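Trainee: I should like to work through this model with you, one feature at a time. May we begin once it is displayed?

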Amino acid sequence: MSKSHKWTHHDIPDQSGKTVIVTGANSGIGFEAAKALAGKGARLILACRDRAKCPAAAESIISEHPNADAHPMHLDLAELESVFRFADEFRSHYKDLNILINNAGVMMPPYSKTRDGFELQFGVNHLGHFALDGLLIDLLVNTPGETRVVTVSSYAHTTGDLDFGI
């Protein structure tokens, strides 16, 4: 690939036979990633908090890619019990996991806590995904071929200052 080539979704290699989980797949980056991977033949698990928007996202992906294999599953990263349920349900249907895209997140919500008592943004964006990764890591390690964990973040970290003198 030349330096002048701008990478696009067309550059994604064939993903046929690969199982991919995308958290927060009902909108934004997660939805676009899921749609692009569907177009390349991946079996998609759309892991979403909103029980109505997730099936609608899967239907939208299938309408654009009629052969898409897209399955909505409920996952609320603000509730560790939901993370455990999701991992158990995923394992009951799938034996391999090729790609885990940790995309779901909240940004600057009013101060509140997760059901488990953690500050909401830290609980959802970090602890929920950390728990999910830990519960599925053995599938990633034992799936034949290359596997990946992709964690999506933002540029928001560049705007803060840490005072280590406190």
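Mentor: Let us begin with a helix and its covered face, bearing in mind that the model is predicted. The buried residues of helix 4 are Leu120, Gly123, Val124, Gly128, His129, Ala131, Leu132, Leu136, Leu139 and Leu140.

Trainee: Which elements cover the buried residues of helix 4?

Mentor: The buried set includes His129 and Leu132. The elements that cover the buried residues of helix 4 include strand 1 (19–23), helix 3 (80–93), strand 4 (99–102) and strand 5 (148–151).

Trainee: How far apart are the end C-alpha atoms of helix 4?

Mentor: Helix 4 comprises the 23 residues 120–142, and at 1.5 Å a residue these should span 33 Å. The distance in the model agrees with that expectation, the end C-alpha atoms being apart by 32 Å.

Trainee: Where does helix 4 bend, and by about how many degrees?

Mentor: Leu136 is one of the buried residues of helix 4. The bend of helix 4 is located at this residue, Leu136, and amounts to about 50°.

Trainee: At the start of helix 4, which backbone nitrogen does a side-chain oxygen of Glu119 reach?

Mentor: The contact is one from side chain to backbone at the start of the helix. The oxygen of Glu119 comes to within 3.2 Å of its partner, the backbone nitrogen of Gln121.

Trainee: In what order do the five strands of the sheet lie?

Mentor: The sheet is open and its pairing is parallel. Its edge strands, each pairing on one side only, are strand 3 (69–74) and strand 5. From one strand to the next the twist averages 15°. The order of the strands is 3-2-1-4-5.

Trainee: Over how many bridges do strand 1 and strand 2 pair?

Mentor: Strand 2 covers residues 43–48 and pairs with strand 1 in the parallel sense. Ile21 stands opposite Ile45 of strand 2, and Thr23 has Ala47 of strand 2 as its bridge partner. The number of bridges between the two strands is five.

Trainee: Is strand 2 largely enclosed or largely open?

Mentor: Strand 2 has six residues, and five of them are buried. The rest of the structure therefore encloses most of the strand, and the answer is largely enclosed.

Trainee: What angle does helix 1 make with strand 1?

Mentor: Helix 1 (residues 28–39) packs on the sheet, where it touches strand 1, strand 2 and strand 4. Its buried residues are Gly30, Phe31, Ala34, Lys35, Ala36, Leu37 and Ala38, and what covers them includes helix 2 as well as strand 1, strand 2 and strand 4. The angle between the direction of helix 1 and that of strand 1 is about 165°.

Trainee: Which residue follows helix 1 with a positive phi?

Mentor: The twelve residues of helix 1 reach 17 Å from first C-alpha to last, close to the expected 16 Å. After the helix comes a residue with phi near 95°, namely Gly41.

Trainee: Is Val22 buried or exposed?

Mentor: Val22 lies in strand 1. Beyond four places in sequence, it touches Gly30, Ala34, Ile45, Leu46, Ala47 and Ile101. Its relative accessible area is 1%, and since a residue under 20% counts as buried, Val22 is buried.

Trainee: Which side chain does that of His129 join in a polar contact?

Mentor: His129 lies in helix 4 and counts as buried at 5% relative accessibility. Leaving aside neighbours within four places in sequence, its contacts include Leu77, Asn102, Asn103 and Ala104. The polar contact is 2.9 Å, and the side chain it joins to His129 is that of Thr23.

Trainee: What distance has the polar contact between the side chains of Asn102 and Thr151?

Mentor: Asn102 has its place in strand 4 and counts as buried at 1% relative accessibility. Among the residues it touches are Thr23, His129 and Thr151. The side chains of Asn102 and Thr151 are joined by a polar contact of 3.4 Å.

Trainee: Where does Met108 lie?

Mentor: Met108 has a positive phi, near 55°, although the residue is other than glycine. At 68% relative accessibility, Met108 counts as exposed. Its place is the loop between strand 4 and helix 4.

How values were computed:
Residues numbered from 1 in each chain as written. Predicted model: local features only at pLDDT ≥ 70, side-chain atom pairs only at ≥ 80, totals over all residues. Heavy atoms only, no water. Helix = DSSP H or I, 4+ residues; strand = E, 2+ residues; numbered from the N terminus. Expected span 1.5 Å × (residues − 1). Bend = angle between axes of the 7 residues up to and from the residue. Buried < 20%, exposed > 50% of the residue type's maximum accessible area, 1.4 Å probe, protein only. Contact = heavy atoms within 4.5 Å. Polar contact = N/O pair within 3.5 Å; in protein donor to acceptor, adjacent residues only side chain to side chain. Pairing = 2+ DSSP bridges. Axes fitted to C-alpha atoms, helices over the stretch in contact; angles between N-to-C directions.
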